[in-house]
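Hi there,

Here is the structure I promised to pass on to you. Have a look at it first, and my notes on what turned up follow below.

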Amino acid sequence: MADRTLDTSGLRCPMPLLKTKLELNGMSPGETLEVIATDAGSARDIPAFLELSRHRLVSSSQTDGHFRFVVECGG
């Protein structure tokens with residue numbers, strides 16, 4: 001279970017990524033964030049951002065048009 005959940009369902013690119021960045025900025029290192037998105041661009045954008053950041057993608061999945069990411073906030 002993640003420490004926080006961010007539901008960006010219904011939002012279109014680039015809003016899921018921007019909201020994810022803002023949420024992570026307010027978190028402490030080691031905390032986890034679950035992001036739920038319906039925009040297909042999120043499946044590309046969020047992992048790509050995380051590769052270039054101090055944060056870590058713990059898991060990702062797709063079910064019935066919903067994309068779910070669990071992210072660990074970096075230090």
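**Cysteines and a cis bond**

Let me start with Cys-13, which is partly exposed because its relative accessible area is 42%. Please keep in mind that this is a predicted model. Cys-73, by contrast, has a relative accessible area of 2%, so this residue is buried. The structure holds zero disulfides.

Cys-13 is also worth a look for its backbone: the peptide bond that leads from Cys-13 to Pro-14 is cis, and its omega is near 10°. Pro-14 belongs to the loop between strand 1 and helix 1.

**The sheet**

Next, the strands. Four of them form an open sheet in the order 1-2-4-3, and the pairing is mixed. Strand 1 (4–7) and strand 3 are at the edges with a single partner strand each, which means that one side of each has no neighbour in the sheet. From one strand to the next, the twist averages 15°.

The parallel part of the pairing includes strand 1 and strand 2, which are joined over four bridges. Here Asp-7 stands opposite Ile-36 of strand 2. As for strand 2 itself, five of its six residues are buried, so the rest of the structure largely encloses this strand.

Strand 3 and strand 4 run antiparallel, with seven bridges between them. One pairing to look for is Arg-56 with its bridge partner Glu-72 in strand 4. The hairpin that these two strands make has two residues between the strands.

Which residue of that loop takes a positive phi? That would be Asp-64, with a phi of about 50° although this residue is not a glycine. Asp-64 sits in the loop between strand 3 and strand 4, and with a relative accessible area of 75% it is exposed.

**His-66**

A little further along is His-66, a residue of strand 4. Is His-66 buried or partly exposed? Its relative accessibility is 38%, and because buried would require a value under 20%, His-66 counts as partly exposed. Beyond its neighbours within four places in sequence, His-66 is in contact with Ser-9, Ile-36, Ala-37, Thr-38 and Ser-61. You will recognise Ile-36 from above as the residue opposite Asp-7. His-66 also has a C-alpha atom separated by 10 Å from that of Thr-8, although the two residues are 58 residues apart along the chain.

**The helices on the sheet**

Now for the helices. Helix 1 lies across strand 1, strand 2 and strand 4, and runs at about 165° to strand 2. Helix 2 packs on the sheet as well, where it touches strand 2, strand 3 and strand 4, and its direction makes about 10° with that of strand 4.

The two helices also pack against each other, at an angle of about 35° and with their axes 9 Å apart. Helix 1 passes helix 2 in a right-handed crossing. On the helix 1 side, the contact is made by Pro-16, Leu-17, Thr-20, Lys-21 and Leu-24. Helix 2 brings Ser-42, Asp-45, Ile-46, Phe-49 and Leu-50 to the contact. By kind, the residues of this contact divide into six nonpolar, two polar and two charged.

**What helix 2 buries**

Helix 2 covers residues 42–51, and its buried residues are Ser-42, Asp-45, Ile-46, Pro-47, Phe-49 and Leu-50. What covers these buried residues? The cover includes helix 1 (15–25), strand 2 (32–37), strand 3 (56–63) and strand 4 (66–72).

Ser-42 makes a good example to click on in helix 2. Its relative accessibility is 3%, so Ser-42 counts as buried. With neighbours within four places in sequence left aside, Ser-42 is in contact with Pro-16, Ala-37, Pro-47 and Phe-69. Ala-37 is a contact of His-66 too, and Pro-16 is one of the helix 1 residues in the contact with helix 2.

That is my tour; happy browsing!

Best wishes

Methods: Residues numbered from 1 in each chain as written. Predicted model: local features only at pLDDT ≥ 70, side-chain atom pairs only at ≥ 80, totals over all residues. Heavy atoms only, no water. Buried < 20%, exposed > 50% of the residue type's maximum accessible area, 1.4 Å probe, protein only. Contact = heavy atoms within 4.5 Å. Axes fitted to C-alpha atoms, helices over the stretch in contact; angles between N-to-C directions. Left-handed = near helix turned anticlockwise from the far one by under 90°. Nonpolar A, V, L, I, M, F, W, Y, C, P; charged D, E, K, R; others polar. Pairing = 2+ DSSP bridges. Disulfide = S-S within 2.5 Å.
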